Amino acid sequence: MFRRRITLTAAALAAASLALAGCTAQSTDQNADAALAVDFDNLVTTTESGTAPVDEVTWNLPYEPMSLDPQFGYNYAENTATANLCESLLRMKPDFSVEPGLASGVTQPDDTTVVYTIRDGVTFWDGTPLTVDDVVYSLDRQVGETATSYFSSYFQNVESVEATGPNEVTVKLTQPDVLFTQAMATAAGAIVQKAAAEAQGEAFGTPDGGLQCTGPFSLEAWNSGKSIELAANPAYWDGAPLASKLSFSFIADESTAVNALRTGEVDGQYFYLPPAGLSQLTDSDEVTVTFGDSLVFWTMMTTNFDGGLGDDRIRQALSLAIDREALTKVVFQGAGIPATTLAGPSYWGYEEEKFAKAFDGFSADPDIEEAKQLVAEAGTVAPIVLAVQGSSAVHEQTANVIQAAGQAIGLDIQTKVIPVEQFGNLYFDPAAREGIDGFFTTQYGSFADPTDVYQMFASTDSHNYAGWDHADDAIFAARAETDEAARADHVIDAQQTITDELPWLPLAYEPVTLVQNDRISGATASFAYLYAPWAATLGGVE
Amino acid sequence: MSAGSYLLRRVGGLLLVLLVTSFLVFGLLYLAPGSPLAFILGPRGGTPEQIAAVTEQYHLDDPFLVRYVAWLGDILHGDLGYSIVYRQDVSTLISGRVPTTLVLVSMAAVIIAVVGILAGTYAALRRGWSDQLTSTLAAVGLSTPSFVVGVALISIFAVTLGWFPTFGSGTGGIDTLHHLTLPAIALSVASAAYLARITRAAVLEESGREHVQTATVRGLAPRYIVRHHVLRNSLVPIVTVLGLTIATLIAGAVVVENVFALDGLGSLLVRAILQRDFAVVQAVILVLVVAFVVVNAVVDFLYTFIDPRIALGSRQ
């Protein structure tokens, strides 16, 4: 699985105006006084729960969601909204561990059979009870080669989804698949009402249609272009939330969003990359900025192994020449952590010691001498062309850092600016990747298992463009291994190959930047906000 | 020409323009690289089977003319089409955004007209340092991009003083006017400056005309001369420029809409173009063309009031 997350929509919106150029210009002088020191030690997963009821909370999304149907919820704005509306079979806790959700119990009689016991007494917003039919429908619609679900690759090994009892659903797999079982704690495992989804067809989850789920908030209204209004669900099985109303605005322009947060017109927002003008928020008396544990990382992907980046030694040299410490300071205003591997410590949901030991074997420290040595060994190198997304400060500044690193060790690195509206084609269209050796992207795995990240290096994965296949055995073995200790060995094996040969260069781990007005508190601070009801604990501060 | 036949000719012209622009826009979108696939399949991308299924479902591989004719047929049945990116009817998408754009552009038009004409006339009549000052301000206004004005307005009047909201289009009525004040000012600065310069030039020219000199020599009150002889005669170029400016504001508002997070037609259009959402692009373009033609028709009508010698629809 792969997670491309410089969102097309958000980026397109931003690029729609020159305004972005206006805001990025500010960021340079703010870097100077950015004294942020974000580290794994000071990342949090929760904020103090709200204690008082509050009438209305306004939350900003970086762009208007395309759909609220959870099967199309695979991006920041969509998931931020749906996490409070539609619940999954399992619930991802803020620390990324998993607890029962709509399934009160899960058993695996054997490696290819998963049995979910559906929770009693759960009702949809309209009062009808949750049934096994709804669960079967919600999963089954994502199975199959032509399923349009954004999560269909998690369902690739699903053979059948059937109701096997009045409150029991059994999923049969064609082969053991740890990604499927864990994905049930993400939007892939979210349950919608069968009757509503079938009645509304394509309109389900859009402003034209509606939504019918079981979450702590219900969908009141979606005013296309303006706002999405949620109301507290008084009958919520896990206790009604403190906020009676939660409304989402869609401010795409970062400086406008920052201003709206500073004036209190908007009560909060999750940023997946720190916004330009971060210091205006950290310095503000009105809001509190929290950096949360996250699964997002910033990386440089190699798309062409026949060009300048084709030789392993060149990628290794480039990696050694990059000053990641400076990169996180300059590009991410201090709100980033130098990355040594792709799946960082936040992914260690099991066998932590094993992963930590393997992780300690890698370093993010630059070593120019060794890098020069590697370049000398590699001989003549063709110029390296990196695609840079237009109107994106993060892209351009990262490209500058990489170019400087290349120059220091004698590599000719050129950049090719691609307009944001065409940048998305790089992911789909081999013709668009013609003449390009690599590009930058944010990615994330959906849950705390490095298997999900390294899965994208499987030669069969739709995002392994160059057909790099040096870790296939370990990757496939890990996905099919239900024993955690054994799986960790496979993943560490794959990680070793991937981090040695560097088909992708790890650059930075990106924490969640959560901004909350001081009148409220309680939003989940970690990346789990994408998949679990983060606003259920949100309330007023007395 | 009578008002009836004038209207008939205008409507005929409008239909022709609509047909030609829709064909051109459709063709250009078709030729430009990119596809809505990225937005339909989602960030995950898709397997070849999924890509084939979606392409088939939305006829993305059909030849250009087939798609265009299908779209044209729907339009003739009053169906604006379906946004494949947003999975909703284009008519809903558009109707939600028209009011915001309408109010924003109307407010900006009023500001442009009042400020532009007053400042231009003042500069032309007073001359001297006040003319210098107005011209300098106009030059600054013309050369300042609207997003800079917008960001400055937000930081002064919304963040520091707290008089206006920072974003959004409000909940209707007075609230909407309150929300759209800063955006309307940001949108109108450059155009008002432009109109001020046009007005100044027109008033100066008229002031030097013989009939004005005659009136002055005959001892008519300066106020009367300005109102009845100078301004009235300068109004033709002023109204022409004003009409054209307003028509371009509708799509030109996109930058301001983005800065103030407004749900206008401009941002919908730009986003739809980026996403290759053909039906939405076409529908917004249709609205723009209609607005353009209507504004120009209104300007034509105004001409006949300003100068009775001009006949409706004449080529003068």
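Me: Which residues make up the aromatic cluster with Tyr76(A) in it?
Reply: In this predicted model, Tyr76(A) is joined by Phe96(A), Tyr272(A), Tyr444(A), Phe527(A) and Tyr531(A) in one aromatic cluster.

Me: And how many aromatic pairs over all chains?
Reply: The count over all chains comes to 34 aromatic pairs. One of them is formed by Phe72(A) and Tyr150(A), whose ring centres are 5.2 Å apart with the planes at 65°, and because an angle over 60 counts as edge-to-face, the pair is given that label.

Me: Where do Phe72(A) and Tyr150(A) lie in chain A?
Reply: Phe72(A) is in the loop between β1 (54-61) and α3 (76-82), while Tyr150(A) is in the loop between α4 (132-140) and β6 (158-165), so their pairing ties together parts that are 78 residues apart in sequence.

Me: Buried or exposed, those two?
Reply: Phe72(A) counts as buried at 9% relative accessibility, and Tyr150(A) is buried as well, with a relative accessible area of 4%.

Me: Switching to chain B, what is the geometry of Phe26(B) and Tyr68(B)?
Reply: Phe26(B) and Tyr68(B) form an edge-to-face aromatic pair, with 5.4 Å centre to centre and 70° between the planes. Phe26(B) belongs to helix α1 (residues 3-31) and Tyr68(B) to helix α4 (residues 64-76), both of chain B, so the pair links parts that are 42 residues apart in sequence.

Me: Last topic: which ring does the charged end of Arg87(B) sit over?
Reply: The charged end of Arg87(B) sits over the ring of Phe72(A), 3.8 Å from its centre. Within chain B, the charged end of Arg67(B) sits over the ring of Phe278(B), 4.4 Å from its centre.

Methods
Residues are numbered from 1 along each chain as its sequence is written. Chains are lettered from A and ligands numbered from 1 in the order in which they are written. This is a predicted model: local features need pLDDT of at least 70, side-chain atom pairs count only at pLDDT 80 or more; totals for chains, interfaces and linings use all residues. Side-chain values use heavy atoms; hydrogens and water are left out. Rings of Phe, Tyr and Trp (its six-membered ring) pair if their centres lie within 6.5 Å; planes under 30 degrees apart count as stacked, over 60 as edge-to-face and the rest as tilted. Helices (H or I, at least four residues) and strands (E, at least two) are DSSP runs, numbered from the N terminus. Buried means under 20% relative accessible area, exposed over 50%, partly exposed in between (1.4 Å probe, protein chains only). A charge sits over a ring if NZ of Lys or CZ of Arg is within 6 Å of the ring centre and within 35 degrees of the ring normal.
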